[in-house]
Amino acid sequence: MVVLDQLVNGLALGALYALIAAGVAVIFGVVGIVNFAHGELYMLGAYLFYLAHVTFGLPYIPGLVVTIAGMAAFGALIQLVVVRRIVHRPWQSQLVATLGLSILFLNFIAVAVGTDPRRAFTSLTRATLSVGSVSLSYQRVALIVVTLVAFAALHQYVRHSRMGKAMRAVSQNREACVTVGVDVQHVAMVTFAIAAALAGLAAALYAPLVTITPTMGQLLIIKAFVVVIIGGFGRLDATVAAALGLGVAESFVIQYVSATYVDVFAFIIMLGVLLARPHGLFDRRVGI
Amino acid sequence: MSTALASPRAGRPTHVAVARRGAVMALVAVLIVWPLGAQSDYLAGVAITALVFMILALGLDLVVGRLGVLSFAHPAFFGIGAYTSALLAVHAHASFVVGFLAAIAVPTVVALIVAVPLFRLSLHAFAMGTLGFAQIAWVVSINWEQLTRGLLCLPGVPPVAVHIGPLDWTAVSLTDYYYVALGLATACFFIVRRLGRSRIGRTWTAIRDDDVLAAANGVPVLRYQMLALAVGAGMAGAAGAFFGAYSSLVCPTNLALPYSINLIIILFLGGRGTLIGPVIGAIIFTGLPEYLRVAQTWQLAIYGALIVLASMYLPEGIVTWATDRARALRMRRLARSAPR
Amino acid sequence: MRSKQWRAGAAGLVAALVAVVGAGCGSGTSGAASKGQPVKIGLNMNYSGPSGYEGQSVYKGAKLAFDEQNAKGGVNGHKLDAVLADNQCDPAVGLNAIRNLIDKNHVSVIIGSNCSSVTLAQMPIIQQNKVPMLAVEDSNTDITRNAGVGGNPWMFRLNLMDEAMATIFAKNVVAKEVKTLAVLAVETDYGQGVVDILKKIPGLKILSVDKYQLGQSDYRSILTRIKSEHPDGLFFVGDYPEGSQVLNQMHELGMSGIKVYTRGNVADPALFKQLDDPTSATGLKEANFWGVGLPDSRYLVKKYEARYHEPLTRPSAMGYFGAKTLIEAISHIKGDVTPTAIRDALEKVNFNLPGLGHVHFDAHHQNWYPLYVNEIQGTKVKLVETVPAKPLPGL
């Protein structure tokens, strides 16, 4: 059944959107910065995964763990070196800083590693699962399942752990947190680490399904922004829901309308949401 | 508040004013005369590209610098203007002047129309809204093949030519195009300068600083916002008409996102809200990649690193940083020479 | 006060004039190489951006030929000096790139630009400046239409163009094997031209046309839809990075029964690394203006791999062939090697280039040689058919 096929396609696509958009949302919510370089964090994660899994020959799970850990560390590093210096500057400087990082990462990889497309197969990509008429690789099953599990875990973390509560508090009222003595910079660093780790997870799950090139993050970041806007600017759960919804919607647009205009479709939805409900589809609540 | 004391011009000694005037005149002379001496098509081409970026940056600055909002829509206006005049010339055999005027009018009208829903949005939503508008314009220019020939581009755009009354002139050499570009850029420069110093400019600043307060004081905020967007769009359209005639073809790549990003970088690192900022920014960021052709492979990575460093250490842009430095220097000199 | 200002201004003006006129003096030679001097060759490539690997490949191929020749002492004592300019596959950047080559670097001849829209923008400039340019990868028919007797005697093209390839391939191969076709084309000037041609082939029903963004990697939704239309065949226009993805995903979705036709450059030795199952491309047929399976090409495959440690691909081969064509032309020049002399020599070129075929430019400065139909069998690309290509009527 075509509907079922496209639903599965949409969920897989939406899972990818969710992992990237959640990183953008959480950074925006807690640190207040729009991270234009997030697509490149995903790209760097893919190359890191390639290094671990293909060049060094690590099996899949260790490769995945290495990628997530490596990206988390890199995210923290970015916060430490660049973000701390721009966090008190006007949003325009922050914007340009992340744009600059995006250009730097992309072109550095393009020159240092080359633009030849690479592939990082796993044993899961080659094995296909057939349920009725739906045929998909185990890798895609893993993508959907692991993403949902990851978000459930993140949800628990943000709700119940000490750092999670600190993150929520900072996203709701930064000044009050500073007054009370919360180490805001530390919270920001953890946030960046988590966001980068999500991008790394996305890379380890999705890169085996596509080719790895330096520009692979560019088309994604725009979709991530659209999802964040629809979900309401930084709300974690809403962002995930919006991402899955957009993925599924896009698949159905491709099936019943046209593949050419599918990118524009995302923007039209976004513009529609903005015009009707300027604070996003979900209710107006501050903080992640 | 007395403007005399607050003005940066107060207290500047005469010899500085003289030197400044001399420098400006020298600059103007160089700008007008150098193509005749240098005889280089390549340099003229780069200069023309810089001037076009300058016009776009000056127009975008009205919204980004003076009004304080972020807009990605500018290349869309540039493209709309370029296609308007190109289509009129190729299909309706309109003269360049007619096409040029249409290229100013159409983007202006489009800007006025989209401004109304867009300016209702908050800062980030406005930026994304303009991005959405720009992406839609880009996709349309690629896919509406009957009109634009899509990615095969619209070739055969006739050169810049003015046939009004006794005046009968067609641009032939690259130097001719340079002078046209210089004229356009100068006109835009003076328009922006005039607007900035007028009541309109002050109102824009008021809106940027606190639009709620401005509205409470009776300012029709939306109308001023529309004006900023529309003037910028008109200038972009004019630049588009020129560029189409100069390249003799119009492509959808002119509307692509990288141009938005380049313009934003030009503004934020040149210095937004100032007059010279967009000018210097355009020169540096056109000249820099051409200069870096030497380091062809690492060119763009270096460019990215420079941008990050500049945003970290020169947050207000190069021009503001330079004028701050100059002022600090002057203050120190004055303090030293003051009677004890 | 006033007079001081005006005096300062006048002094500035004079200084500026002196500086400018001084800079203008000695603006260099016009790209001519007299006895013993090196010949400067401009490589006008899409070196960066999403299609950057294409420009980089052409560059490498050309460099291989030039370095080889220089090791033999150059051409008639002239060393070959290659100068690179990146056009980023953007016509606006391409204008500055070509002026950089002609004006600043004084090249005598140019190879490029690999992007049809860029070449079309640059053609008036090479005509104005009287510098010949040889296209080796550009596909759009308009380039040939406007070259030679079509108006611009400075433009030459080595590779077969779109219209010829698509028409001959579709009529002689595709239409004989399938009745219905789904089309998936890249959203660039390259993709658009081919779609227009396919629609005009009689006996072939086009069920759908889909465009994808260069750099896109997930085609599953599009392929799912195509699968639901039950076409006999899929015509894919694009290169092997995206092509490999389409093949992988077709395999995953269970679409292996659909015949795949490609326009080039998919059936390339570099394809197999990108496939989940290296044998899953079996049966794919491709029309190409280069025969990778030709026994004649083996020498080039070995040479290229020895130097660059990567397989020879079509763009790199075309870069090599383009350079060899220029070398052949220059070798016939008696006297100074000027742009005009190179142009005249190119018009007279008539020789056999192993791996490509016969090189001879017609009245429209277009080279005609057989169309090669390659088929993937297992993990090898084999040449299965050679279709002679004749100049199309009306051209």
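## Where chain A meets chain C

In this predicted model, chain A and chain C together bury about 2400 Å². Carbon and sulfur atoms account for 47% of that area. On the residue level, 30 residues of chain A touch 30 residues of chain C. Three residues stand out on the chain A side: Pro117(A), Arg119(A) and Thr260(A) bring in 18% of the area that chain A buries against chain C, more than any other three residues.

Arg119(A) also turns up in a salt bridge, with Asp276(C) as its partner. The closest N and O atoms of that pair sit 2.3 Å apart. In total, two salt bridges cross the interface of chain A and chain C, and 12 residue pairs are in polar contact there, counting those with both residues at pLDDT 80 or more.

## What chain A offers to chain C

Which elements of chain A each supply at least two residues of the side that touches chain C? They are the helices α1 (2-30), α5 (123-126) and α11 (236-256), plus the strand β2 (134-137). Of the elements on this side, α1(A) gives the most, with five residues.

Sorted by residue type, the side of chain A that touches chain C comes out as 11 nonpolar, 12 polar and seven charged.

## Where chain A meets chain B

Now for the other partner. Chain A and chain B bury about 3300 Å² between them, and carbon and sulfur atoms make up 81% of it. Here 39 residues of chain A are in contact with 39 residues of chain B. The top trio on the chain A side is Trp91(A), Val96(A) and Phe267(A), which supply 16% of the area that chain A buries against chain B, more than any other three residues.

How many salt bridges are there between chain A and chain B? The count is zero. As for polar contacts, two residue pairs make the list, with both residues at pLDDT 80 or more.

## What chain A offers to chain B

Helices do the work in this list: α3 (60-86), α4 (91-112), α10 (218-231) and α12 (262-276) of chain A each put at least two residues on the side that touches chain B. The largest share comes from α4(A), with 15 residues.

And the mix of residues? The side of chain A that touches chain B splits into 32 nonpolar, five polar and two charged.

Key:
Residues are numbered from 1 along each chain as its sequence is written. Chains are lettered from A and ligands numbered from 1 in the order in which they are written. This is a predicted model: local features need pLDDT of at least 70, side-chain atom pairs count only at pLDDT 80 or more; totals for chains, interfaces and linings use all residues. Side-chain values use heavy atoms; hydrogens and water are left out. Contact means heavy atoms within 4.5 Å. Buried area is the accessible area (1.4 Å probe) that two parts lose on being put together, summed over both. A salt bridge is a side-chain nitrogen of Lys or Arg within 4 Å of a carboxyl oxygen of Asp or Glu. A polar contact is a pair of N or O atoms within 3.5 Å; within protein, one must be able to donate a hydrogen and the other to accept it, and residues adjacent in sequence count only if both atoms are side-chain atoms. Helices (H or I, at least four residues) and strands (E, at least two) are DSSP runs, numbered from the N terminus. Ala, Val, Leu, Ile, Met, Phe, Trp, Tyr, Cys and Pro count as nonpolar, Asp, Glu, Lys and Arg as charged, and the others, Gly among them, as polar.
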